[in-house]
Each structure stands twice: as structure tokens, then as C-alpha cells.
Amino acid sequence: MATGVCRSDWHGWRGHDDDIRHYLEKHGDSFVPGHEASGVVVEVGSEVTRIKVGDRVAIPFILSCGNCRECDRKRPTVCEDQNQPGFTMLGTFAEYCALTRADRNLKIIPEGVSFVEAAALGCRFTTAYRAVLQQGQLCEGEDEPSHKKTVAVFGCGGLGLSCVAIASAFGAKRIIAVDVSNNALLKAKELGAIDTVLSTLSTDTEDYDSQNGSVFRNITALTDGVGADLTIDAGGFKQTCLDSVFCCRRGGRMVQVGLPANPPILPMARVAGREITIIGSHGFSSVNDDREVSALDHILDLVKQGKLQPNLLVDREVSLKEGVQELMNMNKSSPIGMVMITTFRDSISKM
Ligand SMILES: [Zn+2]
Ligand SMILES: [Zn+2]
């Protein structure tokens, strides 16, 4: 019913993803991207009991196995045998998609939440949820609960904007958004950023000097010389990564959630001397377990209540055919917010 066009799909299409390369080596020369989707179940496998034909479902983009060491210790985002539509298996840029491990991973969309909202949750919104709340621990800590924490988000594409929206929904005291695009920063303000910092750099320069850069100076000034409690590299560039480390306060937390294609050498003396916690965050996974409310149920509930509005991140809706063009154009200009494929039939009629 709906599937987002994501920069990860563009990377996959360009050949930057090892999983897709392995798939092609094994199964031939064609592939279907797409991993941020929602839809209606039309058929189930013989062992599926929880999910039924006709169910409206949201698809977390990591389909964890439930059998490996990491799943055993409740770390499904780093499942040793994860399936990812659009990466390890055929994806959702299609009228129909076969998904594995449905009972464990698929989530029923509650009444009052649309397919577009459900699709807009994954991967960027749910990835941001994990980065800000689970790995970033925005709401943890007695001395500094969320309403006392300053969050700085570096890189305001779809993922960074989602981080801003989630930090805002969960009561961060102050959110500082950093990007090279004024339009992205305007959108960040709409979603809850209090301060914005325009970074003037637009390339991944080799000799980037964060400590003498304008982003570090601006954020230091905005935080009275302290730095942000939680910094998030949502861009995955050398600058965004280094700025996230340098702008983190003493004893603060830095989350690496953007995937750095070209990672910098980190100032580990600073990390040690200031006791900065650097932590990685990978996607999102939410399994069905009767013993606890899953994170995705929690998110869907917040959407239903209107506390989270992932639809604000949807820039426009397009057809499957137009979506292909959007994918190929992604390197030219990253759209502010998401492009969502919601019409699939135009491509069927031509077959
Ligand atoms: Zn597993
Ligand atoms: Zn994605």
C-alpha cells in the first residue's frame, strides 16, 4: 500500500551494499529495492499463526531470526541472521512482496493509523527512535532526565529530521539541528528544533578541523561552553561524525547512526579525557513477544494519539514508476523529507 524511497535504496542501487551484491551473486542479475513499507496480507505460509489474511501490517526493516545468540539476549537489531527486504531479499518496490518470519516481526497497524504513516515509520523514524531513546538514552538518568537534556543532531536528511521530531516528542530541553541546507534547517524548526546551525561545508574534506570549525564554535556558544548532552551523527560524513564527538559535553553520549562511508580518525584522547560514551545504533527491530509491549507497538500508539506525526516528514506521494525516477535522482538533490510510493497499479497495467 505504501513504501518509502530511501537513500539506502539509492546506495544499494549504486552497488554500495554488500548484501545486495551477495544476493545477485547467488540469484542472478535482477533485484527489487524497498524496505520502508506497509500493506495488506494476501497470503500466509503454513506455519504462520499470528498474522492473518486481510491484516494491515507494518514491516520493521530488520526481520530478526529469533534463534541466534543475539536474538537470545534480546538484541534483534544485531541478529546474526537478519533478513532485510530490499537488501538480503527482494524488497517492497512492488505490488506484492514475500516476507519471512512474519509472526515474529510483522506488526498489526492499529485503527486510526494510515498506511502512509506506518510506512513512514520505517526505516528512518524507527531508526531515529532507537538512536535517540534506546541507544541515546534521552529519557534515562535521574540527574538529567529528558527535560534537562540538550540534543544536537548533525545532518538533517530524513533520518536526522526524524531524530529531531522524536527528541522533541520525548521532551528534550533543547534541540540543536545542524545541516548544510537552510531548507532542511527550516524543516527541523518545524519539527521541534530550537536552534539551528548552518554548516558551510558541503564536501567530505580530508583535513576537516572540527575544533576550529564554525559548527563547534556555534554549539559551544549555544550551550554556554558545555556542549550537548546527547549528540547524534545522522549524516554519516566525516564532518558530522567529528562535530558530534567534539560538540558532546564531558560525560556525554554520542550516537553514530548515519553510516559513514568514509569514517574519520576520531580524537580518542578527547573521548577518554572527557569520558564521552560513543555508541552505535543500527536500524530498528521489534519482535512480537507476549511478555512485553514492543517498541513498535509503543511508536504506533504514539502515532495514533498524535504525539508522533511521521506524516509531517512525507514530502510527496508518487507512483511506483515515478518512484524509480526519484531513486535515481537521489544523488542530485536529497529531498527534504520522504518520498512515498502509494500508487502501484500504473506499472501493472503495462505488463
Ligand atoms: Zn537472530
Ligand atoms: Zn530506509
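This passage walks through the fold of one predicted chain, from its overall build to its central sheet and two loop residues.

A quick word on conventions: in this predicted model, local features need pLDDT of at least 70 and side-chain atom pairs count only at pLDDT 80 or more, while totals for chains, interfaces and linings use all residues. Residues are numbered from 1 along each chain as its sequence is written, chains are lettered from A and ligands numbered from 1 in the order in which they are written, and side-chain values use heavy atoms, with hydrogens and water left out.

Let's start with the whole chain. It holds 13 helices and 12 strands, where helices (H or I, at least four residues) and strands (E, at least two) are DSSP runs numbered from the N terminus. The C-alpha trace spans about 60 × 45 × 35 Å along its principal axes. For 351 residues, a compact globule would have a radius of gyration near 20 Å, and the chain agrees, with 20 Å; this radius is taken over C-alpha atoms, and the globule rule is 2.2 Å times the number of residues to the power 0.38. Of the 351 residues, 53% count as buried (under 20% relative accessible area; exposed is over 50%, and partly exposed lies in between, with a 1.4 Å probe and protein chains only). About 16700 Å² of the chain is exposed, and carbon and sulfur atoms supply 49% of that (Shrake-Rupley method, 1.4 Å probe; for residues, only the protein chains shown count as cover). Contacts (heavy atoms within 4.5 Å) often link distant parts of the sequence: among those between residues at least 6 apart, 68% join residues at least 24 apart.

Now for the sheet. Six strands form an open sheet in the order E7-E6-E5-E8-E9-E10, with parallel pairing; two strands pair if DSSP finds at least two bridges between them. E7 and E10 (277-280) stand at the edges with a single partner strand each, so one side of each has no neighbour in the sheet. On average, neighbouring strands are turned by 15 degrees against each other, direction ignored (axes are lines fitted to C-alpha atoms, for helices over the stretch in contact, and angles run from 0 to 180 degrees between N-to-C directions).

Strand E6 (residues 174-179) has 5 of its 6 residues buried, so the rest of the structure largely encloses it. E6 is joined in parallel to E5 (residues 150-154) by 5 bridges, with Ile-175 of E6 as the bridge partner of Val-151. Between these strands, the chain passes through helix H6 (residues 158-169) in a right-handed β-α-β crossover (with the strands pointing away from the viewer, the path from the first strand over the helix to the second runs clockwise). E6 also pairs in parallel with E7 (residues 195-198), over 4 bridges, and here Asp-179 sits opposite Leu-198. The route from E6 to E7 goes through helix H7 (residues 182-191), again as a right-handed β-α-β crossover.

Further along the sheet, E9 (residues 248-256) runs parallel to E10, joined by 4 bridges, and Arg-253 faces Thr-277 in E10. Helix H9 (residues 238-246) lies across E5, E8 (228-233), E9 and E10, at about 150 degrees to E9.

Finally, two loop residues stand out for their backbone angles. Gln-137, in the loop between H5 (115-135) and E5, has a positive phi of about 55 degrees without being a glycine; at 29% relative accessibility, Gln-137 is partly exposed. Asp-224, in the loop between H8 (214-222) and E8, is not a glycine and has a positive phi near 55 degrees. Asp-224 is exposed, at 71% relative accessible area.
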